[in-house]
Amino acid sequence: MAARTAFTIDTPTGPRTTSLVYERRGAGEPLLLLHGIGHHWQAWEPVLDVLAAERDVIAVDLPGFGESEGLPEGVPYDLSTVVPVLGAFCEAVGFARPHVVGNSLGGLLALEFGRAGLARSVTALSPAGFWSEAERRYAFGTLRAMRGAALSLPVPVIERLSRTAPGRAVLTSTIYARPGRRSPEAVVAETLALRGATGFHQTLAAGRTALFREFVPSVPVTVAWGSRDRLLLRRQGIRAKQVLPGARLVRLPGCGHVPMSDDPALVARVVLDGSR
């Protein structure tokens with residue numbers, strides 16, 4: 001069962017208390033899982049138990065997403081804020097210098113963990129921040145449309161759509177290459193998570209200037225991209241390799257933007273290989 005931990009963060013107006021919700025399983029070296037914008041920790045459910053067989057795994061709801069509360073008023077949702085917040089969270093739960101794995105927004109955060117020296121290794125699945133301006137506008141427009149649809153659809157309609165493979169495709173095919181593999185319950189839950197994401201607009205606004213800067217990693221870095229990613233197009237993976245020349249670039253055949261349910265075995269293997 002997911003837990004909630006409260007901890008103190010530094011803000012421009014002084015120390016403030018916030019809290020994050022997380023799921024913890026397994027034993028071994030620490031492994032932190034970070035989801036994308038509008039999602040929740042359950043995005044990792046298809047691979048959690050496999051990872052937990054070898055690692056002490058925490059999947060966390062990012063600030064303002066899932067069941068985690070938003071950041072205190074006046075605290076921005078940019079990288080320079082959220083990475084230290086997650087670092088303070090790791091300290092609070094006794095999760096020192098974990099391997100960090102992220103998808104989309106979480107992938108960008110994971111890479112920033114590596115830059116800050118807070119990670120043992122980094123694995124980024126379709127990370128944000130390697131876009132051209134046109135690609136960023138396309139992705140943000142698509143995300144706004146998804147959020148608008150989640151807000152506008154009555155819950156009974158979401159539930160009815162989730163019961164069939166075509167309906168699940170209507171709700172989630174933007175981020176999954178194989179939406180029919182998602183269970184009806186998972187599709188309803190993640191649609192409602194997108195609908196209730198209090199940090200959505202602030203995070204999207206902060207992302208307008210998010211462009212990953214070149215650095216030479218001091219820890220192993222893996223960047224993996226789905227061949228059927230419709231949100232952050234796979235050519236951005238080539239750009240990531242150019243910006244991170246020491247990184248291992250892995251192709252995820254047949255996977256979409258959120259690949260964990262499209263091919264759980266492949267994603268788990270990439271994550272575990274990247275953290276060895």
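**View A. Aromatic pairs, with a look at W131 and F140.** This predicted model holds 3 aromatic pairs. In one of them, the ring centres of W131 and F140 are 5.5 Å apart and the ring planes meet at 90°, so this pair goes down as edge-to-face. That label draws on two numbers, since a pair of aromatic rings is described by the distance of the centres and the angle of the planes. Are the two partners buried or exposed? W131 is buried, because its relative accessible area is 10%, and F140 is buried too, with a relative accessibility of 4%, where the cut-off for buried is under 20%.

**View B. A charge over the ring of F140.** Stay with F140 and bring in R136. The charged end of R136 sits over the F140 ring, 4.8 Å from the ring's centre. So F140 shows up in two settings: edge-to-face with W131, and under the charged end of R136.

**View C. The aromatic cluster around F89.** Here F7, Y22 and F89 come together as one aromatic cluster. What else does F89 touch, once its neighbours within four places in sequence are set aside? The list takes in both cluster partners, F7 and Y22, along with L20, L32, I58 and V60.

**View D. The largest nonpolar core.** Zoom out from F89 and you're in the largest nonpolar core, which has 85 residues. L32 and F89 are the ones with the most contacts inside this core. Which element gives the most to the core? That's helix α2, residues 79–92, with 7 residues.

**View E. Strands β1, β2 and β4.** Strand β1 (residues 3–11) runs antiparallel to strand β2 (residues 14–26), and the two pair over 9 bridges. A hairpin through 2 residues takes the chain from β1 to β2. For a handy landmark, find T8, which stands opposite T17 in β2. β2 also pairs with strand β4 (residues 55–60), again in the antiparallel sense, this time over 5 bridges. The landmark for that pairing is R25, standing opposite V57 in β4.

**View F. S162 and its surroundings.** S162 belongs to helix α5, which covers residues 155–162. How is this serine classed, buried or exposed? Its relative accessibility is just 2%, so S162 counts as buried. Leaving out neighbours within four places in sequence, S162 is in contact with R168, L171, P184, V187 and V188.

Note on methods. Residues numbered from 1 in each chain as written. Predicted model: local features only at pLDDT ≥ 70, side-chain atom pairs only at ≥ 80, totals over all residues. Heavy atoms only, no water. Core = buried A, V, L, I, M, F, W, Y, C linked by side-chain atoms within 4.5 Å. Buried < 20%, exposed > 50% of the residue type's maximum accessible area, 1.4 Å probe, protein only. Helix = DSSP H or I, 4+ residues; strand = E, 2+ residues; numbered from the N terminus. Contact = heavy atoms within 4.5 Å. Phe/Tyr/Trp six-rings, centres within 6.5 Å; stacked < 30°, edge-to-face > 60°. Lys NZ or Arg CZ within 6 Å of the ring centre and 35° of its normal. Pairing = 2+ DSSP bridges.
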